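Grab a pencil and open your viewer. Below are some short exercises to work through with the structure on screen, each with its solution.

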Amino acid sequence: MTRKTISVVIPTCNRPDLLVEAVQSAVAQTLPVHEIIVVDDASDMDMQPALETFGDIVRYERLAQKGGANVARNRGIALASGELIAFLDDDDIWLPDKLELQSAALVPPYEACLCTSREVSAAERPPKGWQDVREAHLKFRTPCGTSGLLATARVLEEEKFDPAIPRGQDWDLFVRLVQRHPLAFVDRSLYLRQTGHERITTTALELSPEDLLARAAAVEKHRTWLGEDAYRQRMAANLLAFISQRQGKLRYIRASLKHAGYRATVGHFTKTLRKKSQQGVYATQARRT
């Protein structure tokens with residue numbers, strides 16, 4: 001069977017060292033890629049010199065003005081010539097067999113494939129046990145970020161990233177894709193998330209409850225599709241994310257009680273504790289084996 005060509009799209013901004021690591025992980029795939037398209041979201045520095053060692057496989061384009069990661073990703077889609085398109089954030093690293101495993105799973109009628117992830121220093125996560133990703137899964141969970149997505153160029157031409165969504169843009173796209181057809185799924189952590197620098201998640205620690213409500217555009221956008229129960233759970237998860245690391249925790253808890261309700265708020269804490277317990281058990285079992 002002829003393998004389909006794969007284009008890799010990497011949005012970047014002001015992180016040349018991390019970008020080089022990301023590109024290297026794409027070059028090192030066991031399944032060779034057709035091209036790597038780096039779209040620079042108007043960095044304050046010239047990022048191209050950091051990419052010269054990779055040769056012609058890397059195509060670099062710098063946007064004239066900042067538009068955000070979604071604008072950069074959509075530009076990458078427009079430039080891509082591969083039959084499949086994979087996305088890689090500039091602060092993530094793919095494991096070597098990521099594309100090989102996903103491309104094997106991405107067979108008709110699937111149009112897109114997801115996997116899971118973990119932090120660089122973290123142990124492998126417990127498997128989810130899913131055969132593929134369906135609507136019910138996405139109502140309560142987000143399996144991965146955009147670095148875990150491999151999709152056909154055709155579906156991405158029809159369902160692009162929404163520039164109006166500042167947070168949860170990965171989930172927003174997955175929701176639209178899953179309403180077309182279930183998503184193929186590789187139940188393994190196939191990419192690593194780097195820590196120790198500013199990410200969307202670390203930036204979120206500085207946001208007030210009011211900021212978080214304003215940034216919950218993806219949840220509001222899909223409220224009808226979610227239904228009230230899932231909507232409230234999503235809203236609680238948004239307001240209570242990183243609660244253990246926050247100053248003024250009561251403000252966020254009060255906001256969750258007001259906008260998500262008592263049941264969803266308590267349920268979020270219960271789910272978080274259960275998840276940590278399961279991860280601890282899985283890590284212990286993994287060490288023993």
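The exercises go from the whole chain down to single residues, and the model they use is a predicted one.

**Exercise 1. Work out whether the radius of gyration of the protein agrees with that of a compact globule.**

Step 1: Start with the chain length, which is 289 residues.
Step 2: For that length, a compact globule would have a radius of gyration near 19 Å.
Step 3: The protein has 19 Å, so the value agrees with the globule rule.
Step 4: For a feel of the dimensions, put a box around the C-alpha atoms along the principal axes; they fill roughly 55 × 45 × 40 Å.

**Exercise 2. Describe the make-up of the protein: its helices and strands, its contacts, its buried share and its surface.**

Step 1: Go through the secondary structure, and you should find 13 helices and nine strands.
Step 2: Take the contacts between residues at least 6 apart in sequence; 77% of them join residues at least 24 apart.
Step 3: Turn to burial, where 49% of the 289 residues count as buried.
Step 4: The accessible surface comes to about 14,300 Å², and carbon and sulfur atoms account for 51% of that.
Step 5: Finish with charge: there are 40 positive and 36 negative side chains, with the centres of the two sets 9 Å apart.

**Exercise 3. Find the buried residues of helix H3 and say how they are arranged around the axis.**

Step 1: H3 runs over residues 98–105, and its buried residues are Lys 98, Leu 99, Gln 102 and Ser 103.
Step 2: These residues cover an arc of only 110° around the axis, so they sit on the same side of H3.
Step 3: Now see what covers them: strands E1 (6–12), E4 (84–87), E5 (92–94), E6 (112–119), E8 and E9 (183–193) are included.
Step 4: For contrast, try helix H6 (residues 169–178), where 10 of the 10 residues are buried. Among them are Trp 171, Phe 174 and Arg 176.

**Exercise 4. Classify Thr 152, Ser 81 and Gln 247 as buried, partly exposed or exposed.**

Step 1: Thr 152 lies in strand E8 (residues 150–152). Its relative accessible area is 15%, and the cut-off for buried is under 20%, so Thr 152 is buried. Setting aside residues up to four places away in sequence, Thr 152 touches Glu 83, Leu 84 and Glu 111.

Step 2: Ser 81 is in the loop between helix H2 (69–79) and E4. With a relative accessible area of 48%, Ser 81 is partly exposed. Beyond its neighbours within four places in sequence, Ser 81 is in contact with Thr 5, Ser 7, His 34 and Glu 35.

Step 3: Gln 247 belongs to the loop between helix H11 (228–240) and helix H12 (249–259). At 70% relative accessibility, Gln 247 is exposed, because the cut-off for that class is over 50%.

**Exercise 5. Compare separation along the chain with separation in space for three residue pairs.**

Step 1: Ser 81 and Ser 256 are 175 residues apart in sequence, and their C-alpha atoms are 45 Å apart.
Step 2: Gln 247 and Glu 206 are 41 residues apart in sequence, with 9.3 Å between their C-alpha atoms.
Step 3: Gln 233 and Lys 139 are 94 residues apart along the chain, and their C-alpha atoms are separated by 9.0 Å.
Step 4: Look around Gln 233, which is in helix H11. Leaving out residues up to four places away in sequence, Gln 233 touches Phe 140, Ala 264 and Lys 271.

**Exercise 6. Track down the backbone oddities: a cis peptide bond and two positive phi values outside glycine.**

Step 1: The cis bond joins Pro 108 and Pro 109, with omega about 10°. Pro 109 is in the loop between H3 and E6.
Step 2: Asn 14 has a phi near 65°. Asn 14 lies in the loop between E1 and helix H1 (16–27), and counts as partly exposed at 27% relative accessibility.
Step 3: Phe 242 has a phi of about 60°. Look for Phe 242 in the loop between H11 and H12; at 26% relative accessibility, Phe 242 counts as partly exposed.

Technical notes
Residues numbered from 1 in each chain as written. Predicted model: local features only at pLDDT ≥ 70, side-chain atom pairs only at ≥ 80, totals over all residues. Heavy atoms only, no water. Helix = DSSP H or I, 4+ residues; strand = E, 2+ residues; numbered from the N terminus. Rg over C-alpha atoms; globule rule 2.2 N^0.38 Å. Buried < 20%, exposed > 50% of the residue type's maximum accessible area, 1.4 Å probe, protein only. Contact = heavy atoms within 4.5 Å. Areas by Shrake-Rupley, 256 points an atom, 1.4 Å probe, with all protein chains shown as cover. Lys, Arg positive; Asp, Glu negative; His and termini not counted. Charge placed at Lys NZ, Arg CZ, Asp CG, Glu CD. Arc of directions from axis to C-beta.
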